[in-house]
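The following exercises concern strand pairing, chain interfaces and a ligand shell. Each task is followed by a solution in steps.

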Amino acid sequence: MQLVKSGRIVEDRYVRIADDAPIPDGVAVIVSDARFLANAGALLQRVEPVGVLWPNNRPIEALAPYLGRLALVALAFPGFRDGRAYSQARILRERYGFGGELRATGQVLRDQFLFLLRAGFDSFEVSKEGDAAAFVGSTRRFDVFYQPTGDGRATAFRRRLGRPPQAVPAGTRAHAL
Amino acid sequence: MYRYDDFDQTLVHQRVAEFRDQVGRRLSGALTEDEFKILRLMNGVYLQLHAYMLRIAIPYGTLSSEQMRMLAHVARRYDRGYGHFTTRQNIQFNWIKLEEMPDTLADLAGVKMHAMQTSGNCVRNITTDQWAGVAADEIEDPRIWAEVLRQYSTLHPEFSFLPRKFKIAISAAAHDRAAVAVHDIGLRMVRNSAGEVGFEVQVGGGLGRTPFIGKVIKPFLPKRDLLSYVEAVLRVYNQYGRRDNIYKARIKILVHELGAEKFGAEVEKEWATIKDSALALDPAVIADVAERFTYPDYERLEDNPPALARARQEDRAFAAWLDNSVSNHKQPGYAIVTLSLKPVGAPPGDATAEQMDAIADLADRYSFGEIRVGHEQNLVLPHVAQKELPELWQKLEAHGLATPNVGLVSDIIACPGLDYCSLANARSIPVAQELTQRFRDHKLASTIGRLHINISGCINACGHHHVGHIGILGVEKNGEEFYQITLGGRADEDARLGTLLGPAVRYGEVADVVEDVVAAYVELRKTPQELFIDTVKRIGIEPFKERVYAAR
Amino acid sequence: MTSPHEQKKRKVSGSVVVTANRLGDGAVVYRTIDDDWTTDLASAAVLAAPAAAVLLQRAEADGVRAVGPYIAPVEFGADNRVLPGNLRERIRLAGPTFTLPGAA
Ligand code: SF4
C-alpha cells in the first residue's frame, strides 16, 4: 500500500489504532467511527492530529459538530464499484466546508483518481501495483469538465459563455429561445 | 442537430485515449477481469455468448448522415456488416474484437460519436421523443434539456458508481413517445398555471424483474432547477439505494420501500442545500445550449400537394405506406417518415452496412441530412417534403426499408435473447421472425390495427415485454425454452403493466398462441376501430385465456 | 440456458468441458488437457463432471488468455463426436440460430 498526497507518494504519518488498543502519545492517529464518537471530547483535546475512518453506510452528517477540529477523515471504498463515499466526500467539503485531509481508503483504481479528486479527496491509499506512480498522469487525462463541484474547475457550460457564437452551417438556422 | 464544439470533441478524444490505455492494461494482464469489467461496461463493452458487443450512444436519437455513414464503416471494418438499433437510442455491434475496440472508438470519435455510459452503474444515454423538434404536439424541443443532462451526467465524479444503472427520459409532447413512466427519472415538460414551462418529475419507474410505473414527486420543477434537482435525486439514491442485492438495487425499489412521499421529502431536503449552487441554470447557459441546435431552412410549401394525391390514387402500395409510415410535421408541406427495420422474417431493428449507407444518402437528398432513432427500433427521416414522398418511397422500397407495418402487429420489439445474450433463458429473435411471417399479409395486419408485441429473452426485460400490448417473456423449464404471455401492457401516457395470460408455452407454440389471441380480439372487439389494447381493457383477459387454453 | 453465473451453481452431471471466451476477441474457447485453449470442441478435454473441478480451477487461474471459465455439459453424437450438451452451448458453438443480416 502506498499513500499519495498532493500528487506525490509520501510517508503516512498517521497510525491506525485498533478499537481495543491504547492510543499512543506523540503520533497522529486514525480511529474508527465508533471509538471516535464515544470519546470525541478527549480525542480532540490531543496535541497530535486525530483522524477518523468513517464507514460508507453511516450518515456523514453525524461528523458535522467535530469537523472544525478533525485533522483527517478517511472514507471507505469496500469495493471499487461501491460509490457511496463520493457523495460523503462532497457533502463534507461542499456543505460543511471541511478543510482537513480527506483520504480515500480501500479499493480504488487509478481510473477513479480523477473522480475522487473532483469529489474533494486529497489523499489516497493505493493498493494496486503501479497505480500510485501513475497518479499524476491519470488525473491529467481530461481537461474538459461538465459538472461544477467543490474543486472549482470551470465547467464547459461556463467556459462557453462569452465566446463568439459558432457559425451556423449553410441551409440551417439556429434555435431561437 | 446539436453542434458539438471543441469542448465536447476534446472530451470524446480524451476518453478514447483513456480507454485505449485501459484495454492495453487488460490485455497485458495488469488489470484483472473483475477490475476491467466495470471500466469496459462504462464504455459500452459487453461480453456476449460469442464475442464482445459495443453499444454506441445516439444522444436523443439524432444522427447526421455523416454519422450514419461512419456506423456503416464500423459495421464493415470491425464487425460482420450489420448493426442493431436498440430500444434506448443506441446502436449495438455484436462482433467487435476487444483488441480493435480502441480503433473503432477513435473512428467514431471522428464524427463525435462515443460509447460513454451506454452501460455500467451510471447515468445512461438520456432518451427522448424521436420526433423532437418536428412533432406538432410538443411544448418545446426536449433535446435541449436532454443535451443539458447529457453534459451534466457525462463522467460525473460523484455518480459513476451508483448502486445500479440509471435511465432518464424526457418528453415534451402531449403524446408520450419516450415512455417516461418506465424510467428511473421520467421528465414531462408541462406548463404551470402561470404559463411557465417546466418539468413534471417522476421517479422509480422501470421494468425488469420488479416492474413499476414511475411516481410523480414534483409536479412542477422550474427549468433553472433541473440539474440541482436531478443531483439531489441521484445523491439520495447513491447513499441509500440498496447494494446488497443486485435485483433490489434500482431506484424503483428504494422509492417503493420508502414510499414516494418519503423519498420525495428526502430529495427536497437535499435539494434545499444545493438549489442555489453553481448547478442553478443561468438563462445564458440554456440559451447557449439551445443555440447549438440547428433546424432546417424549410421551403415554404403547401400541405397535400397535387403530386402526392395523384400518387396515392395511382398506387395502392404507396397509399398503404403513406397511411402507415408517414406522420404530420409541424412545418406545412413537410412530413415525418418512419423507416421500418422490421421487414418480414428479419431480426427486428437490424440494419446492414448497405442499408445504413443508403439511408445516409436518402437523408442527404430528402431530409436535410438528418436521421432519428426511436425506441421502437425503427428509424425516422424527420423532414421530408410531402411532394417528394413518392420518389422517396420507391428508393426505400428498393432497400427493404418501406415495409408498411409501423405500429402494426409485425412491428415487433425484441431483445437479442439467447442468440447473443449470455443472460438469456430463451431466444427472442426467431420468435419475432416467425410472428412476422404469420402476420405478413398487410390487409390482415391493417384489419388488426395498432398492436405492439414485445419480446424479452429473460426477466431483465430489455424487450420491454411488460409494456407490450402482447408481452412475451422467455423462461426456462428443465433446460427447455418456455414463454410467458402477458396482455394489456402499454408504455404511453396511460402506461400500465400487462397481465399474465396463463401457464408458459413451448417455443413451438408461441406463434399459435399469439394468432389465437389476435383472432379472439378480432371477434370480440366492439367495432373495427376498437384497438386491441382497448378491447383487453374493456373485457379483461379471461375471454382470451379461455380461447387459448381451451384448445391446449 | 442459464447464465454462466447460474451455471456454476447448477449441478452439471455426465460428461463436461471447461469453456470460456478468449480475451482478445471474445471467441468461444475450450480448455485442453495440457492447459491450453482451443476453439475446436473436438480438441477439448472431456471429463466426468466431478473431475472437471480441477481443470476449472486451473482455467480460472489463467486470467489473461480467457474470460469467465465455467463447466458446460457435452453429449456424444452417433460417431462419438463431442457435441454441446444444451441449446445455449450449441448457440455458443455455432452462432445465432438465424441467418445474419446481409449474409443471405
Ligand atoms: S432481456 Fe435478458 S435475454 Fe434479453 S437482452 Fe436483456 S438480459 Fe439478454
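**Exercise 1. Strand pairing within chain B**

Determine how strand β9 (residues 197–203) of chain B is joined to β10(B), and place the two strands in their sheet.

Solution. The model is a predicted one.

Step 1. β9 (residues 197–203) and β10 of chain B run antiparallel and are joined by five bridges. One bridge can be located by its residues: B:V203 has B:K215 of β10(B) as its partner.

Step 2. The sheet is an open one of five strands in chain B, with the order β6-β7-β8-β9-β10. Its pairing is mixed.

Step 3. The edges are β6 (127–128) and β10 (215–222) of chain B, each of which pairs on one side only. In general, strands of a sheet pair through backbone hydrogen bonds, in either the parallel or the antiparallel sense.

**Exercise 2. Which chains touch**

Establish which chains are in contact and which pair shares the most contacts.

Solution.

Step 1. Chain A and chain C do not touch, and their nearest C-alpha atoms are 17 Å apart.

Step 2. Two pairs of chains are in contact, and of these chains A and B share the most contacts. The other interface to be treated here is that of chain B with chain C, where 34 residues of chain B meet 27 residues of chain C.

**Exercise 3. The interface of chains A and B**

Describe the extent of the contact between chain B and chain A, and the residues and elements that chain B brings to it.

Solution.

Step 1. Chain B contributes 66 residues and chain A contributes 45 residues. The size of an interface is often given as the accessible area lost when the parts come together. Here the buried area is about 5200 Å², with 56% from carbon and sulfur atoms. On the side of chain B, B:F7, B:P157 and B:F161 lose the most area to chain A, together 16% of what that side buries.

Step 2. Between chain B and chain A there are 21 residue pairs in polar contact, both residues at pLDDT 80 or more. Several elements of chain B each supply at least two residues to this side, including α2 (33–41), α5 (143–153) and α8 (260–274). The most comes from α1(B), with 12 residues. By class, the side of chain B that touches chain A has 32 nonpolar, 12 polar and 22 charged residues.

Step 3. A strand pairing also crosses the boundary: β9 (residues 172–174) of chain A and β11(B) are antiparallel and share three bridges. Within this pairing, A:A174 is bridged to B:T294 of β11(B).

**Exercise 4. Salt bridges between chains**

State how many salt bridges join chain B and chain A, and explain why the pair of B:D34 and A:R81 links two chains.

Solution.

Step 1. The whole structure holds 80 salt bridges over all chains. The count between chain B and chain A is 11.

Step 2. B:D34 and A:R81 form a salt bridge in which the closest N and O atoms are 3.0 Å apart. B:D34 lies in helix α2 of chain B, whereas A:R81 lies in the loop between β6 (72–77) and α2 (84–95) of chain A; the pair therefore joins two chains.

Step 3. A:R95 and B:E270 give another example, with their closest N and O atoms 2.5 Å apart.

**Exercise 5. The interface of chains B and C**

Characterise the interface between chain B and chain C by area, polar pairs and elements.

Solution.

Step 1. About 2500 Å² is buried between chain B and chain C, 64% of it on carbon and sulfur atoms.

Step 2. There are zero salt bridges between chain B and chain C. Nine residue pairs are in polar contact, both residues at pLDDT 80 or more.

Step 3. α1, β14 (350–352), α14 (429–438) and β20 (480–487) of chain B each supply at least two residues to the side that touches chain C. The largest share, three residues, belongs to α14(B). This side of chain B divides into 15 nonpolar, eight polar and 11 charged residues.

**Exercise 6. The ligand shell**

Classify the residues of the shell around the ligand.

Solution.

Step 1. Residues around the ligand include B:C415, B:C421, B:C458 and B:C462, as well as B:P416, B:L423 and B:N460.

Step 2. The shell has eight nonpolar, three polar and no charged residues.

Conventions: Residues are numbered from 1 along each chain as its sequence is written. Chains are lettered from A and ligands numbered from 1 in the order in which they are written. This is a predicted model: local features need pLDDT of at least 70, side-chain atom pairs count only at pLDDT 80 or more; totals for chains, interfaces and linings use all residues. Side-chain values use heavy atoms; hydrogens and water are left out. Contact means heavy atoms within 4.5 Å. Buried area is the accessible area (1.4 Å probe) that two parts lose on being put together, summed over both. A salt bridge is a side-chain nitrogen of Lys or Arg within 4 Å of a carboxyl oxygen of Asp or Glu. A polar contact is a pair of N or O atoms within 3.5 Å; within protein, one must be able to donate a hydrogen and the other to accept it, and residues adjacent in sequence count only if both atoms are side-chain atoms. Helices (H or I, at least four residues) and strands (E, at least two) are DSSP runs, numbered from the N terminus. Ala, Val, Leu, Ile, Met, Phe, Trp, Tyr, Cys and Pro count as nonpolar, Asp, Glu, Lys and Arg as charged, and the others, Gly among them, as polar. Two strands pair if DSSP finds at least two bridges between them. A residue is near a molecule or strand if one of its heavy atoms lies within 4 Å of it.
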